[in-house]
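Visitor: Please take a close look at one part of this model for me. I would like to hear about the aromatic rings and what lies around them.

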Amino acid sequence: MVVLAASVLAKSGKPLVSRQYMDMSRIRIEGLLAAFPKLVGSGKQHTYVETENVRYVYQPMENLFLVLITNKQSNILEDLDTLRVLSKLVPEFCGQSLEEDAVCEHAFDLIFAFDEVISLGNKENITILQVRQNCEMESHEEKLHKMIIQSKINDTKDIMKKRANEIEKSKMETKAKASSMLPANVTGFGSKGSGAISGPGDSVTMMDSFSRPEPSVAKPIASKGPSKGMQLGKAKKAGNDFLESLAKEGEAVEIERPVVRSGGPTATVMSHISAEPVTLNIDEKLNVQLNKQGGLENLEVTGTLSLVVNNEEDGYMRVAVAAGANKQFQFKTHPNIDKAAYSSQNVLCLKDASRPFPPGSELGILKWRMQSKDESLVPLTINCWPSVSGGQSFVNIEYESTSSFDLQHVSITIPVPRGPPTVNSCDGEWRFDSRQSALVWTIELVDDTNRSGSMEFVVGATDSDNFYPVDISFSSNKTFCDMAVETVTHTQSGNPVKYSSKRVLATSEYSVA
């Protein structure tokens, strides 16, 4: 059995849909379909007609003809079985009213359904239900993946709500403690109760003492440090209202928050200083430019190993690092660092061992840089597929991450020139930034459970170039440079020094244009 073409024609002979399964020119198929109305008879439900070269196997369907064009060597029983299956698919996809308009409207659906039944001219062993499922492209794995992602999102929201309640409770406890620390003659100036109201003289005495306080009473009030707690209840600055409104609209602004100092006026806040004597930070910045076809234009990594010493005594130290091959990286040490010790022993120390590292400020002691056009190094690739249909732009955008990096706080910003979009599907969360006219797609964590994801949205018809450049930002606990701190020792005593370390990779500029 070899099916040359499967077609749906009107009773007048007008071709509505035709799918060819053999190499055939348009003129030939149009000629074969034009000859069919002249050959067909009447009064038969399942029948066929033959010409010198081909056989027409057809079935009338109200105002339509369903026609199979086969070669004359084809098994007619198999052809009739194929025709029977196709005759059930036409009303399945076009509705029970078999009209020309319905067939034209669902032309591509019929073509896809015919392709499921016929492959390279031969009938596939498939049922109507399987054809429907294949055309709908339902996937149990996809549904399960989406359920897992949604479960993670719901768990994260619950944790955020719980954390917000804890913060609110902590704030209320702090206010309650501050109120309890106020002087008794301020918190209880109305505590005279009914005695202050029962007699005019008592009322006047109370008002006089409050409006004209004695110096001896005011002196202890001013001397008490905890009275700073009264600032907790003061009104919010007017400027913060404006900044918060900007933040709600998507602007990146920094809102000033009040700082509670428990030690009185001389208390200072030094949250950036670790509890350990020494803090070592490995920071890398990633700069990537990708083109619209997904190729890499440039990848640049710059990194710094810096330290913070809390006091001068702890500044007498040597930092031993462990480094991998790092073949593409170029390293530079600080001018005051002993380059010979680093080159031979991977030890970072001052040239003058009698001098300490300066305390209280962050000091970069080692820098590195790497530039490449190797696409396998790109941690996150973006593909954007915009298309215009029926006065609308349909945009499918997908991300794909390599298995070597777990990415946190991923944000993908797509320009949307024609107003708020209609988002049909999204792996993650999204919001529309009206001030920048951009769609912001966020994924809290990209790991082995969601190495790829996609989003589809619809806007008014516009040129595909208007959806670029796409800007990406993220962070990671893994760096490109294979570098780690092994030990920190005191240069004079040789004893180990306690330290804390942190490793961060963040994007500096990451775009698709």
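Guide: What follows is a walk through one ring pair, with a short look at other sites afterwards. The model is predicted. The structure holds 10 aromatic pairs. One of them joins Phe 405 and Phe 480, whose ring centres lie 4.9 Å apart with 40° between the planes. That geometry is classed as tilted, because the angle is neither under 30 degrees nor over 60. The pair links distant parts of the chain, 75 residues apart. Phe 405 belongs to the loop between β15 (392-401) and β16 (407-415), while Phe 480 belongs to the loop between β21 (470-476) and β22 (483-490).

Both rings belong to buried residues. Phe 405 has a relative accessible area of 5%, and Phe 480 one of 15%; each counts as buried because the cut-off is under 20%. Phe 405 also has a charged partner: the charged end of Lys 478 sits over its ring, 5.6 Å from the centre.

A charge over a ring occurs elsewhere too, where Lys 11 lies over the face of Phe 65 at 5.4 Å from the ring centre. Phe 65 is itself part of a cluster, linked by ring pairs with Phe 36, Tyr 56 and Tyr 58.

Back at strand β21 (470-476), a further residue comes in. Ser 511, in strand β23 (residues 499-512), is in contact with Val 470, Asp 471 and Ile 472, among others. Its contacts also include Val 288, Gln 289 and Leu 290, leaving aside neighbours within four places in sequence. Ser 511 counts as buried at 10% relative accessibility.

Key
Residues numbered from 1 in each chain as written. Predicted model: local features only at pLDDT ≥ 70, side-chain atom pairs only at ≥ 80, totals over all residues. Heavy atoms only, no water. Helix = DSSP H or I, 4+ residues; strand = E, 2+ residues; numbered from the N terminus. Buried < 20%, exposed > 50% of the residue type's maximum accessible area, 1.4 Å probe, protein only. Contact = heavy atoms within 4.5 Å. Phe/Tyr/Trp six-rings, centres within 6.5 Å; stacked < 30°, edge-to-face > 60°. Lys NZ or Arg CZ within 6 Å of the ring centre and 35° of its normal.
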